[in-house]
Each structure stands twice: as C-alpha cells, then as structure tokens.
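I opened a fresh notebook page for this one and kept my entries short. Here is the structure I was looking at, followed by what I looked up.

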Amino acid sequence: MEQTTSVREVSRVVTAHKQREGGGFIVRRPFPSYGLSAVDPFLLIDEMGPVDYAPGEAVGAPDHPHRGFETVTYVLEGEMEHEDSAGHSGALGPGDVQWMTAGGGIIHSEEPSRALREHGGRVHGFQIWINLPARLKLTTPRYQEIPASRIPTAATPDGRARVRVVAGQALGTRAVIETHTPIVYQDWTVDDGGDVTQAVPRGHQALVYVFEGAVRVGEAGGGRRVDDGQMAVLEPGDLVRLRGEPGGGRLLLLAGVPLNEPVARYGPFVMNTEAELVQAFADYQSGRMGEITRTATLR
Ligand code: MN
C-alpha cells in the first residue's frame, strides 16, 4: 500500500487577547475567547508576562480549586511557589515544568516566590489547561514536577532549530513526562534560516503559539507567517513544518488527541455536564476538596 504523508497547513490564525487573572496579573490568552472556546483537548493557554515587577508588585493566584482536567505550568523566567490541599509544596524556576492532574479535586495556590514579591523581578511563563476524558475526571490528583535539567533538548544538525521536549517526541528525543492521553508539548526556537519538519500523529489536533519573533508554519506558499502573540490552529496531517523568519522565533507546539466529549466548564471546574459542575461547586464549598495546611517555609 502506498503511504503518503502530508504537512499540516494553517487553518486559522488567532491573536491572543490580554486578560487579568488570579490576584491581578495580566496574561496573553489565545483561547478561550469569544471566537474560540477550546482546541480539544486543550482548554486554555495563558502566557504570563513577560512582565517586570517592582518590589511589592508581583501577584499570583491565591487558594483556588480545580477539578476535571490538568494544569501544566512552564516557567521561563522568575520563580513561582505553590502549595496544595494534598500537602504538596515547592518552587518552580526557569525551565521547570509542573504537570498537575487535578482529577477529582485539589485546592492550590500559585504565587511568585517571596524573593520576587519582595524585591521584584521578571516573570514569564505559561499555564496550559488540558482536558481529561470522562473516565479520568475524578482520578486521584497527581503531580509531575520536572526540573529544567531533566527536560530533554534536541537540535537540528545545523543548530538553527532547537527544542525543549516537555511532552511527546522530537528529533529522536522523548519527553520524561507521562501523560494520561497522548500529548505533544514542545518549546521550539527557530532561527532565521532554520527549517524543521516535525512529526505529529495524524489523530492529533495541533496548534502553534508564537511568543517571540515570527515563524512560518506549513508548506503552501512558503508557509504562513505567524507573529509574536499569535496562534495557528493546524489542519490535519502528519507533519508540522516550521521555518524561522529574520530575527528568528520561539513557539509552543501543542498537540493532542481530541476527546470529542461534551464540555461543561465554569471557572476552575471542567466537567462533561452541568450537573457535574453543580456537584463540583457543592464538593468544593463543603470542604470535600480539602484545604491547604500552610507550611512555615513558604510564608
Ligand atoms: Mn490553579
């Protein structure tokens, strides 16, 4: 049988809007928006910063719950601290990844580190929400915290395209993070003249979010230019082609198998039905998602 592969073209480009979140920090958010509620299985992309905080200015997201999905935090600059109702606490620095499966329910806080709050400094990073299928929405909460040193990296032979492989595989390198459903999460830097073609399985829905410079995505007409702050949703295919524009570009390549299930979401809960949302609020308000026992070290 003849095997044919195709490069994914860009089906639409959306520009991220700015939104105030948590305790008042500004994010760039390509979705959800009025025109695009999700890119199944991805529910949300928030780019935090880059922002330079003065002393006393940095804010985060104080105690709040989640149920029914996963939050993935990827720090590029600055340091975040977190605590949760399952007794976890820790800090994330540049290049570190926290892959949190909220599952049946967790309450956590996500704040800039004490040093950042007191002395100010730069914060830049991502939080991405990934939906869980109905059968896993109430799974036991799970954390994977991977320091930058354990995030595999790879580069094309000419060195002009480089990748940090948070999830999935790229250039023969496989991520260390385990995902409940197949997910690709990669941080690519593509210099001027860089040209890389990356396999993304046909059953995945794929997108590219550019957060520095510009890249060309796809094959037709030399590819579609995607600029800083823009996201390209890709058509079906087997391969993603990325080419650097003058000055280069940096992007997240995200892909995953669509769940194709009904989504009922409100605030920090993402379920399949309205009744499950009501139950989530009831469980949260009655304390069934626990509470954070404050540790002395982080406060
Ligand atoms: Mn959260």
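**Entry 1, a buried ring.** I started with Phe211, which counts as buried because its relative accessibility is 3%, under the 20% cut-off. I should jot down early that I am working from a predicted model.

**Entry 2, its partner.** I then searched the whole structure for aromatic pairs and got eight. In one of them, Phe126 meets Phe211 edge-to-face, with 5.0 Å centre to centre and 75° between the planes. I placed Phe126 in strand β11 (residues 121–131) and Phe211 in strand β19 (residues 205–217), so this contact ties together parts that are 85 residues apart in sequence. Phe126 is buried as well, and its relative accessible area comes out at 0%.

**Entry 3, a second ring pair.** Next I looked at Phe269 and Phe281, whose ring centres are 4.9 Å apart; the planes stand at 85°, so I logged this pair as edge-to-face too. Phe269 belongs to strand β24 (residues 269–271) and Phe281 to helix α2 (residues 274–285), so here the pair ties together parts that are twelve residues apart in sequence. Are these two rings buried or exposed? I found Phe269 buried at 0% relative accessible area, whereas Phe281 is partly exposed at 28%. Following the ring pairs further, I arrived at a cluster that links Tyr266, Phe269, Phe281 and Tyr284.

**Entry 4, the sheet.** I went back to β11 and asked in which order the strands of its sheet lie. I read off an open sheet of seven strands, β2-β3-β4-β11-β6-β9-β12, with antiparallel pairing. At its edges I have β2 (17–21) and β12 (142–146), each pairing on one side only. On average, neighbouring strands of this sheet are turned by 20° against each other, direction ignored.

**Entry 5, around β3.** I took one edge of the sheet and worked inwards. Strands β2 and β3 run antiparallel and are joined by five bridges. One position I checked there was Lys18, which stands opposite Arg28 in β3. The two strands form a hairpin with three residues between them, and in the turn I spotted Gly22 with a positive phi of about 50°.

On the other side, β3 (residues 25–31) pairs with β4 (residues 42–53), again in the antiparallel sense, over three bridges. I noted Met48 in β4 as the bridge partner of Val27, and Phe31 as standing opposite Ile45 in β4. How many of the seven residues of β3 are buried? I counted six, so β3 is largely enclosed by the rest of the structure. A reminder to myself for reading such strands: side chains in a regular strand alternate between the two faces of the sheet.

**Entry 6, the metal.** Which residues coordinate the manganese ion? I listed His64, His66 and His108, each through NE2, together with Glu110 through OE, at 2.1 to 2.2 Å. Along the chain, these donors follow the spacing H-x1-H-x41-H-x1-E. I also checked how accessible two of the donors are. His64 has 16% relative accessibility and so counts as buried, and His66 counts as buried at 2%. For the threshold here I used under 20% relative accessible area, taken over protein chains only.

**Entry 7, recap.** My bookmarks for the next look are the manganese donors His64, His66, His108 and Glu110, the cluster of Tyr266, Phe269, Phe281 and Tyr284, and the pair Phe126 and Phe211.

Methods:
Residues are numbered from 1 along each chain as its sequence is written. This is a predicted model: local features need pLDDT of at least 70, side-chain atom pairs count only at pLDDT 80 or more; totals for chains, interfaces and linings use all residues. Side-chain values use heavy atoms; hydrogens and water are left out. Two strands pair if DSSP finds at least two bridges between them. Axes are lines fitted to C-alpha atoms, for helices over the stretch in contact, and angles run from 0 to 180 degrees between N-to-C directions. Donors are N, O and S atoms within 2.8 Å of the metal (3.2 Å for Na, K and Ca); water is not among the atoms, so sites may look incomplete. Buried means under 20% relative accessible area, exposed over 50%, partly exposed in between (1.4 Å probe, protein chains only). Rings of Phe, Tyr and Trp (its six-membered ring) pair if their centres lie within 6.5 Å; planes under 30 degrees apart count as stacked, over 60 as edge-to-face and the rest as tilted.
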